[in-house]
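The following exercises concern the structure shown below. Each task is followed by a solution that proceeds step by step.

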Amino acid sequence: MSKKRKPFAAKPAILLSAAALLLAFSTVGSARAALTYYSENYAAEVTVSNIGVTLTENGNKVSYRDYTHKNDKWDEAEGRLLTGMLKEGEKLEPGKEYPERLGVTNSGTIDTYVRVIIRKSWMDAEGKDTTLSPDLIDLNFVGNGWIIDKKASTKERTVLYYTKSIAAGESTPDITDTIRIDPSITGKVNEFVEEKDGYKTITTTYEYDGYQFNIEAEVDAVQTHNAVDAIKSAWGVDVNVSSDNHLSLR
């Protein structure tokens with residue numbers, strides 16, 4: 001048995017930045033959408049070159065990596081999430097839900113199982129910040145055949161598996177459907193009072209001023225051939241696979 005694994009690297013990117021006085025978010029950047037691929041060569045006819053997977057957002061391709069037999073190379077593209085979240089000039093409102101439908105398409109030529117890892121974090125000018133909870137970044141997971149590995153998940157990282165095998169050319173149901181920033185962040189305020197010449201000036205600042213939040217999505221694909229062993233080797237988890245190819249965590 002041999003294995004091949006090649007990470008699909010992507011540049012980290014900023015998602016949103018806060019506008020201090022407007023209680024809104026002023027700019028939209030993007031989030032990382034990373035893909036990795038894995039296949040076990042349990043049989044000569046099953047190779048990593050048959051694996052292909054695409055991350056989709058709101059029905060559009062974001063990132064993909066597929067093998068092209070014609071040129072004997074990988075066809076891949078690194079995309080960014082949430083680039084169309086806000087219209088030009090629009091400011092994001094804490095508490096408002098925005099469409100964010102993430103899904104996976106099998107763009108290879110063999111059936112696969114897929115895992116998705118979604119990471120949420122806050123950043124300031126010095127880098128990653130842990131004082132604001134990732135829970136304030138609310139991605140709504142909708143189920144639809146996706147299960148969360150609670151043992152492997154944290155507040156910052158959510159690990160999900162799709163419970164059915166995906167045939168070549170087919171897509172999974174949505175993993176998420178909306179995203180919002182918890183409005184409780186608008187209650188995190190500091191007030192500075194200054195008195196001069198009989199006048200009192202109160203300056204209000206918000207604790208999230210200058211903060212940005214970041215979302216990353218990573219997809220792994222594993223062939224269905226000898227799936228239990230392949231998944232254990234690739235992902236380090238024990239699963240059961242039923243006679244109708246339904247996957248469950250042990």
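**Exercise 1: Strand β5 and its partner**

β5 and β10 run antiparallel and are joined by 4 bridges. The model is predicted, so local features are described only at pLDDT of at least 70 and side-chain atom pairs only at pLDDT 80 or more, whereas totals for chains, interfaces and linings use all residues. Residues are numbered from 1 along each chain as its sequence is written, and side-chain values use heavy atoms, without hydrogens and water.

Task: State which residue of β10 stands opposite Thr-56, and decide whether the residues of β5 are buried or exposed.

Solution.
Step 1. Strands (E, at least two residues) and helices (H or I, at least four) are DSSP runs, numbered from the N terminus. Two strands pair if DSSP finds at least two bridges between them.
Step 2. The residue of β10 opposite Thr-56 is Gly-103.
Step 3. Buried means under 20% relative accessible area, exposed over 50%, and partly exposed in between (1.4 Å probe, protein chains only). By this rule, 6 of the 6 residues of β5 are buried.
Step 4. In a regular strand, side chains alternate between the two faces of the sheet. On one side of β5, Gly-52, Thr-54 and Thr-56 are buried, and on the other side Val-53, Leu-55 and Glu-57 are buried, which leaves both faces covered.

**Exercise 2: A sheet of three strands**

Task: Give the order of the strands in the open sheet that contains β16, and state which strands stand at the edges.

Solution.
Step 1. β16 pairs with β9 in the antiparallel sense over 2 bridges, and Tyr-98 stands opposite Ile-179.
Step 2. β16 also pairs with β13, again antiparallel, over 5 bridges; here Ile-137 stands opposite Ile-181.
Step 3. The order of this open sheet of 3 strands is β9-β16-β13. Because β9 and β13 each have a single partner strand, they stand at the edges, and one side of each is left without a neighbour in the sheet.

**Exercise 3: The nonpolar cores**

Task: Identify the element that gives the most residues to the largest nonpolar core, and list the contacts of Val-104.

Solution.
Step 1. A nonpolar core is a set of buried Ala, Val, Leu, Ile, Met, Phe, Trp, Tyr and Cys residues joined through side-chain atoms within 4.5 Å. In soluble globular proteins, nonpolar side chains tend to be buried together.
Step 2. The largest core has 35 residues, and those that touch the most other members are Leu-81, Val-104, Val-114, Trp-122, Trp-146, Ile-179 and Ile-215.
Step 3. Two or more residues come from each of β5, β10, β11, β13, β15, β16 and β19. The greatest contribution, 5 residues, is that of β19.
Step 4. Contact means heavy atoms within 4.5 Å. Apart from neighbours within four places in sequence, the contacts of Val-104 are Val-53, Thr-54, Thr-56, Val-114, Val-116, Trp-146, Glu-170, Ser-171, Thr-172, Ile-175 and Val-219.
Step 5. A second, separate core has 13 residues, including Tyr-161, Ala-234, Val-237 and Val-239.

**Exercise 4: Ser-171**

Task: Locate Ser-171 and state how far its C-alpha lies from that of Val-53.

Solution.
Step 1. Ser-171 belongs to the loop between β15 and β16. Its relative accessibility is 45%, so Ser-171 counts as partly exposed.
Step 2. Beyond residues up to four places away in sequence, Ser-171 touches Val-104, Thr-105 and Ile-166.
Step 3. Ser-171 and Val-53 are separated by 118 residues in sequence, and their C-alpha atoms are 9.6 Å apart.

**Exercise 5: Two asparagines**

Task: Describe the backbone angle phi and the accessibility of Asn-58 and of Asn-144.

Solution.
Step 1. Asn-58 is in the loop between β5 and β6. Although not a glycine, Asn-58 has a positive phi of about 50 degrees, and with a relative accessible area of 26% Asn-58 is partly exposed.
Step 2. Asn-144 is in the loop between β13 and β14. This residue is not a glycine either, yet Asn-144 has a positive phi of about 55 degrees; its relative accessible area is 44%, and Asn-144 is partly exposed.

**Exercise 6: The whole chain**

Task: State how many helices and strands the chain contains, and what share of its residues is buried.

Solution.
Step 1. The chain contains 1 helix and 21 strands.
Step 2. Of its 250 residues, 44% are buried.
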